[in-house]
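Notebook open, coffee poured. I want to go through this one residue by residue and write down what I look up.

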Amino acid sequence: MSATADILLVDDDILVQVMVEDIVTQLGHRFHAAGDGETAREAIGRNGFDLVILDRRLPDTDGLLLAPLLQQDRKIPFIVFSSLDAPTDQVLGLGMGASDYVCKPVEPAVLRARIQARLTARRTPEEQTTFRLGDALRLDAVSRRLWIADRIEVLSPAESRLLICLLRNIGKPRDRMQISMATCGREWVYGDRTIDVLISRLRRRLKGSEVRITTVHGLGYVLTLDN
């Protein structure tokens, strides 16, 4: 990705468009906007975006229905930016491949930090693309395919980053702050349930195997193998 990124906002709220345009241009990137799902589909098919920011409540569709299109070919990262703030909504968004889920209303400085974190993560190359835990687990970081318990799971981007964080620190518990920085590119703040949601989802992915995410009270989480 070039130093200057193309960022698409899919949201019909003019005030949101103005706020996000200010943030994007202040960061030195190019801003694009679409007010509905159909316009967004046309724009995505026509242009190569480096990041897409999606509202859920569009005039013609749920913004999450654009997720399959964004994950084709280039796998464009996207942030859900929505007033739908229930844990089930956040789980759905992350499960459909969102890199982040930001609830409205939000301070511009917070949204700016989330956008910058996503772009930084996309610019940073990961040298290692395959991870193993003995014969119990294998992860392809590029395709996000996880071979576990004689089956293949396709992880969301956030689930994949979480598993890589734990695999790189076998025997070393990671706390919420460390996991949040590695997985979401931002500091963890009290009350943020994103890490809990991701831990829960990844534990379900590991069911039926000898691999466990173990809670070490007061220290965080660590990958372990059943004896």
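Is arginine 144 buried or exposed? I looked it up and found arginine 144 buried, at a relative accessible area of 11%. Worth noting before I go on: this is a predicted model.

**Backbone oddities**

I stayed with arginine 144 for its backbone. Its phi is positive, about 65°, although the residue is not a glycine. I placed arginine 144 in the loop between strand 7 (137-140) and strand 8 (145-148).

Next I pulled up aspartate 150, which is not a glycine either and has a positive phi near 60°. Aspartate 150 sits in the loop that runs between strand 8 and strand 9 (151-154). Buried or exposed for aspartate 150? I get exposed, with 86% relative accessibility.

Then I checked for cis peptides. I noted one between lysine 104 and proline 105, with omega at about -10°. Proline 105 belongs to the loop between strand 5 (100-103) and helix 5 (108-123).

**Helix 7, end to end**

I started at the N-terminal end of helix 7, where aspartate 175 acts as a cap. A side-chain oxygen of aspartate 175 is 3.1 Å from the backbone nitrogen of methionine 177.

Which residues of helix 7 (residues 176-184) are buried? My list reads Ile179, Ser180, Thr183 and Cys184. Looking down the axis of helix 7, I see these buried residues within an arc of 100°, so they line one face of the helix. A reminder to myself: an α-helix has 3.6 residues a turn, so residues three or four places apart point the same way.

After helix 7 comes glycine 185, with a positive phi near 70°.

**Cysteines**

How many disulfides are there in the whole structure? My search came back with zero. I went through the sulfurs anyway. For cysteine 103, the closest cysteine sulfur is in cysteine 184, 12 Å away, which is too far for a bond. The cut-off I used for a disulfide is a pair of cysteine sulfur atoms within 2.5 Å. Cysteine 184 is in no disulfide, and its nearest cysteine sulfur, that of cysteine 165, lies 10 Å away.

I also compared burial entries. Cysteine 103 is partly exposed, with a relative accessible area of 24%, while cysteine 184 is buried at 3%.

**Two serines**

Serine 82 came up first. I find it in strand 4 (residues 78-82), and its relative accessible area is 0%, so I log it as buried. What does serine 82 touch, leaving out residues up to four places away in sequence? I wrote down Asp55, Arg56, Tyr101, Val102, Cys103 and Lys104. Its side chain also reaches the backbone nitrogen of leucine 84, at 2.9 Å. I took one long-range distance too: from serine 82 to valine 189 is 19 Å, C-alpha to C-alpha, with their positions 107 residues apart in sequence.

Serine 160 was next, in helix 6 (residues 157-167). Serine 160 is buried as well, at a relative accessible area of 3%. Outside the residues up to four places away in sequence, serine 160 touches Leu139, Ala141, Arg144 and Leu155. That list brings me back to arginine 144, the buried residue I opened with.

**Leucine 9**

I moved on to strand 1 (residues 6-10), which holds leucine 9. Leucine 9 counts as buried, at 1% relative accessibility. Setting aside neighbours within four places in sequence, I count among its contacts Val16, Gln17, Val20, Phe31 and Ile53. Leucine 9 and valine 52 are 43 residues apart in sequence, yet I get 5.9 Å between their C-alpha atoms.

**Second largest pocket**

Last entry of the day. How much space lies in the second largest pocket? I have about 320 Å³. I found 16 residues lining it, and those closest to its centre are Arg114, Arg186, Val189, Asp192 and Thr194. I then asked which elements give two or more residues to that lining, and got helix 4 (87-95), strand 5, helix 5 and helix 8 (194-205).

Key. Residues are numbered from 1 along each chain as its sequence is written. This is a predicted model: local features need pLDDT of at least 70, side-chain atom pairs count only at pLDDT 80 or more; totals for chains, interfaces and linings use all residues. Side-chain values use heavy atoms; hydrogens and water are left out. Helices (H or I, at least four residues) and strands (E, at least two) are DSSP runs, numbered from the N terminus. Buried means under 20% relative accessible area, exposed over 50%, partly exposed in between (1.4 Å probe, protein chains only). The arc is that of the directions from the helix axis to the C-beta atoms. A polar contact is a pair of N or O atoms within 3.5 Å; within protein, one must be able to donate a hydrogen and the other to accept it, and residues adjacent in sequence count only if both atoms are side-chain atoms. Contact means heavy atoms within 4.5 Å. On a 1 Å grid over the protein atoms alone, a cavity is a set of points where a 1.4 Å probe fits but cannot get out, and a pocket is an open set with protein on both sides within 12 Å along at least five of seven lines; lining residues have an atom within 4 Å of a point. Grid points are joined across faces, edges and corners, and a volume is the space filled by probe spheres set on the points.
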